[in-house]
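Please walk through this protein model with me, strand by strand. The tour begins with a single residue and ends at a cavity.

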Amino acid sequence: MTSVVERLQGQSAKFSVEFLPPRNADDERILWTAVRELEALDPAFVSITYGAGGSSRDRTIRATARVAQETTLLPVAHLTAVDHSVAELRNVIGWYAAVGVRNVLALRGDPPGDPMGEWVAHPQGLTYAEELVRLVRELGDFCVGVAAFPYGHPRSGDLATDVKFLVRKLNAGADYAVAQLFHEPEPFLRMRDSVAATGCTATLLPGIMPMLSARALTKIVELSGADLPVELSRRLERYSDDPAGFRATGIDIATEMCQRLLDEGVPALHFYTMNRAKATREVLGRLGLVTRA
């Protein structure tokens, strides 16, 4: 199977998309509508998330296998160390290999229930993402990605320390990193440049989620771990009672940020889709990365 690294090669800018595993039949239909719409746009890869504590493990494996077997897309399967023994992790990695999936995003993961709660390793498990990276690489010819945090991981003392741990994950055998959400280009670009300054040449991909509603914005701020900049708040607050205007402005902001990232030499954009295709297609169309949106 082709690797993410191979798909990201070339001079033209690329994009990738992330989906959530379906919880029920209705979710399944929504997911596959988005998959088929975005498949036509030829993303570099698609990733399927893996719930905290392995809560969606089986659904993730099934969805990833279906992408691998029924579409032309390159699937990346998420894998977390939360509540899993090494033996269980070996089994999951083996299942991925058995269905033809050779691209894995290796994550330590958040504690189930409370993402900011105390992180406790499984007695027979792993403690750090870099250990999971090594385990995946030991078990076969996998292309491995890891997570990056432009504002720093919530458990890191400062940005310099967080960059140090990111570089350790990459040097442990990861091929690339996908960034958590951020609100403006500078935090991501600073992180990218700090990693490059260590001599690490791995690719860092920015994570993008357009701000489409006030409710979605609250979730984006929560996931990013950083408050929305004052300038963006002012642009959006005037549309607090105008959902259409809020969405249109959110698409504008996402497009502007993506263009700045591309101008700064970022090779690809990673879109968190929430299993919907329309907003991603709109931004890609405005950027000229797809011929039809």
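In which helix is the place of threonine 64? This is a predicted model, and in it threonine 64 sits in helix α3, residues 57-70. Is threonine 64 buried or exposed? Its relative accessible area is 0%, so threonine 64 counts as buried, the cut-off being under 20%. Leaving aside residues up to four places away in sequence, threonine 64 touches Ile48, Pro75, Ala77 and Val101.

Two of those contacts, Pro75 and Ala77, lead to the next element. Pro75 and Ala77 lie on one side of β3, together with Leu79. Val76, His78 and Thr80 are on the other side. Both faces of β3 are covered, and each of these residues is buried. The count for the strand is six buried residues of six. In a regular strand, side chains alternate between the two faces of the sheet.

What does β3 pair with? On one flank, strand β2 (residues 46-48) runs parallel to β3 and is joined to it by three bridges. Valine 46 stands opposite proline 75 there. Strand β3 (residues 75-80) is also joined to β4, by four bridges, and these two strands run parallel as well. The chain gets from β3 to β4 through helix α4 (residues 86-98), and this β-α-β crossover is right-handed. Two residue pairs help to locate the β3-β4 register. Alanine 77 has valine 104 as its bridge partner in β4. Histidine 78 stands opposite leucine 105 in β4.

Now take β4 itself. Strand β4 spans residues 103-107, and five of its five residues are buried. Which residues cover each side? Asn103, Leu105 and Leu107 are on one side, while Val104 and Ala106 are on the other. Both faces are covered. Beyond β3, β4 has a further partner in strand β5 (residues 143-148): the two pair in the parallel sense over three bridges. Asparagine 103 stands opposite cysteine 143 in β5.

Glutamate 131 makes a short detour. This residue is in helix α5, residues 129-138. Glutamate 131 has a relative accessible area of 30%, so it counts as partly exposed. How many residues separate glutamate 131 from threonine 203 in sequence? The answer is 72, and the C-alpha atoms are 20 Å apart in space.

Threonine 203 opens the run of β7 (203-208). Strand β7 pairs with β8 in the parallel sense over two bridges. Glycine 207 has histidine 270 as its bridge partner in β8. Strand β8 (residues 268-272) is mostly covered, with five of its five residues buried. Ala268, His270 and Tyr272 lie on one side of β8, and Leu269 and Phe271 on the other. Strand β1 (residues 14-19) is joined to β8 by five bridges, and the two run parallel. In that pairing, lysine 14 is partnered with alanine 268.

After β8 comes a loop that leads to α11 (278-287), and methionine 274 lies in it. Asparagine 275 is found in the loop between β8 and α11 too. Phi of methionine 274 is near 55°, a positive value in a residue other than glycine. Phi of asparagine 275 is near 65°, again positive in a residue other than glycine. Their exposure is another matter. Methionine 274 is at 47% relative accessibility, and therefore counts as partly exposed. Asparagine 275 has a relative accessible area of 7%, so this residue is buried.

The last stop is the cavity. How many cavities of 30 Å³ or more does a search of the whole structure find? It finds one. The volume of the largest cavity is about 90 Å³. Its lining includes Leu181, Phe182, His183, Pro210, Met211 and Ile220. Glycine 207, met above as the partner of histidine 270, is also one of the lining residues. Which elements each supply at least two residues of the lining? They are β7 and α10 (243-263). The largest share, three residues, comes from α10. By class, the lining residues divide into 10 nonpolar, two polar and no charged.

Conventions: Residues numbered from 1 in each chain as written. Predicted model: local features only at pLDDT ≥ 70, side-chain atom pairs only at ≥ 80, totals over all residues. Heavy atoms only, no water. 1 Å grid on protein atoms, 1.4 Å probe; cavity = no way out; pocket = protein on both sides within 12 Å on 5 of 7 lines; lining within 4 Å. Points joined across faces, edges and corners; volume = space filled by probe spheres on them. Nonpolar A, V, L, I, M, F, W, Y, C, P; charged D, E, K, R; others polar. Buried < 20%, exposed > 50% of the residue type's maximum accessible area, 1.4 Å probe, protein only. Contact = heavy atoms within 4.5 Å. Pairing = 2+ DSSP bridges. Right-handed = clockwise from strand over helix to strand, strands pointing away.
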